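Trainee: Got a minute to go through this one with me? I'd like to get a feel for the fold before I do anything else.

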Amino acid sequence: MSSERLHPRLYRLLLGAFQAYLWLDDDGVTLVDTGPAGSGPAIEASLRDLGLGRADLRRVVLTHFHDDHAGAAAEVAAWGDVEVVAHAADAPVLRGERPGPPPAFTEAERDLHARVAAGLPPAPPVRVDREVTDRDLLDFGGGAEVVGTPGHTDGSVALHLPRHRLLFTGDVAAEYGGEVIFGVFHVDRARAAESFRRLAALDVDLACFGHGEPVLGGAGDRLRAAAGTLAED
Ligand SMILES: [Zn+2]
């Protein structure tokens, strides 16, 4: 199995060292991020395991432009009536109109990035059908609120589904070794920290990260505890 059920309507897709999420509504499927380029067949296989197919995909929401999140967006965008959604500030990068700004690496991150990014194919350009900004509402999961989380990239977003007390954090936050942590490879760490605190203020039970294991209970408290240590930086 290449997917893991987290909630009756939520699946985590395991795409090699990377991951993405499927949200299943009665009227179609939303994909949150896509994994790296070449993940299309694995995503399709996961849909098939759930008795679904390409034609069930309604939208793909990209939390930001990084290659491990948007790499397969062009593949799935070609499947049919699929709306590609991303923040207005990352849309030009996703379309290939300009290069994405590199992270402001810390010393430790530089090594890590060299290891992680080695062999990661660049994301092919993809169309963006809908550009969103902070507080926009997306029509899935009973209403998914876009939470702008600038600082990881300028156009990074999280998605908050209040009805399900669920948060997709993107890469501002992550999980590592059982801990909720501040993400890595931010373009602007101070802004990203501010965005992290914003996520920590949300009242959620479940958190799905761009990297690491999801938190399936008490996620708000876990984020707040992590934000507390962040403030000491
Ligand atoms: Zn990222």
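Mentor: Sure, let's go from the overall picture down to single residues. Keep in mind that this is a predicted model.

Trainee: OK, how many helices and strands does the protein chain have?

Mentor: DSSP-wise, the protein chain comes to seven helices and 14 strands.

Trainee: And what does the C-alpha trace span along its principal axes?

Mentor: About 50 × 35 × 30 Å. The radius of gyration is 16 Å, which agrees with the value near 17 Å that a compact globule of 233 residues would have.

Trainee: What share of the residues is buried?

Mentor: Buried residues are 45% of the 233. As for contacts with a separation of 6 or more, 62% of them link residues 24 or more positions apart.

Trainee: Let's do sheets. What's the strand order in the seven-stranded one?

Mentor: That sheet is open and runs β1-β2-β3-β4-β5-β6-β7, with mixed pairing. The edges are β1 (3-7) and β7 (130-132); each has a single partner strand, so one side of each has no neighbour in the sheet. From one strand to the next, the twist averages 25°.

Trainee: Are β5 and β6 parallel or antiparallel?

Mentor: Parallel: β5 (residues 57-61) and β6 (residues 83-87) pair over three bridges. For a concrete pair, look at Val60, whose bridge partner in β6 is Val84.

Trainee: Which strands does helix α1 touch?

Mentor: Helix α1 (residues 40-49) packs on the sheet and touches β1, β2 (10-15), β3 (18-25) and β4 (28-32). The direction of α1 makes about 145° with that of β2.

Trainee: What about the five-stranded sheet, what order is that?

Mentor: β8-β9-β10-β11-β14, again open and with mixed pairing. Here β8 and β14 (206-209) are at the edges with a single partner strand each, so one side of each is left free of a neighbour in the sheet. β8 pairs with β9 (residues 144-148) in the antiparallel sense over two bridges, and Leu137 stands opposite Glu145 in β9.

Trainee: Switching to the core. Which residues touch the most other members of the largest nonpolar core?

Mentor: Tyr21, Val60 and Ala73, out of 61 residues in that core. The strand that gives the most to the core is β3, with five residues. You've met Val60 already, as the partner of Val84.

Trainee: And what does Tyr21 touch?

Mentor: Leaving out residues up to four places away in sequence, the contacts of Tyr21 include Leu10, Leu13, Val32, Phe168 and Cys208.

Trainee: Now backbone oddities. Which loop is Arg135 in, and what is its phi?

Mentor: Arg135 sits in the loop between β7 and β8 (137-138). Its phi is positive, about 75°, although Arg135 is not a glycine.

Trainee: Is Arg135 buried or exposed?

Mentor: Exposed, because there are 10 other C-beta atoms within 10 Å, and 12 or fewer counts as exposed.

Trainee: And Phe185, buried or exposed?

Mentor: Phe185 has 22 C-beta neighbours inside 10 Å, so Phe185 counts as buried. Its phi is also positive, near 65°, and its place is in the loop between β13 (179-182) and α6 (189-200).

Trainee: Last one: where is Gly96?

Mentor: In the loop between α4 (91-94) and α5 (107-117). Gly96 is partly exposed, with 14 other C-beta atoms within 10 Å. Gly96 and Pro124 are 28 residues apart in sequence, and their C-alpha atoms are 7.7 Å apart.

Methods
Residues are numbered from 1 along each chain as its sequence is written. This is a predicted model: local features need pLDDT of at least 70, side-chain atom pairs count only at pLDDT 80 or more; totals for chains, interfaces and linings use all residues. Two strands pair if DSSP finds at least two bridges between them. Helices (H or I, at least four residues) and strands (E, at least two) are DSSP runs, numbered from the N terminus. Axes are lines fitted to C-alpha atoms, for helices over the stretch in contact, and angles run from 0 to 180 degrees between N-to-C directions. Two residues are in contact if their C-beta atoms, placed from the backbone, lie within 7 Å. A residue is buried if 20 or more other C-beta atoms lie within 10 Å of its own, exposed if 12 or fewer, and partly exposed in between; C-beta atoms are placed from the backbone. A nonpolar core is a set of buried Ala, Val, Leu, Ile, Met, Phe, Trp, Tyr and Cys residues joined through C-beta atoms within 7 Å. The radius of gyration is taken over C-alpha atoms; the globule rule is 2.2 Å times the number of residues to the power 0.38.
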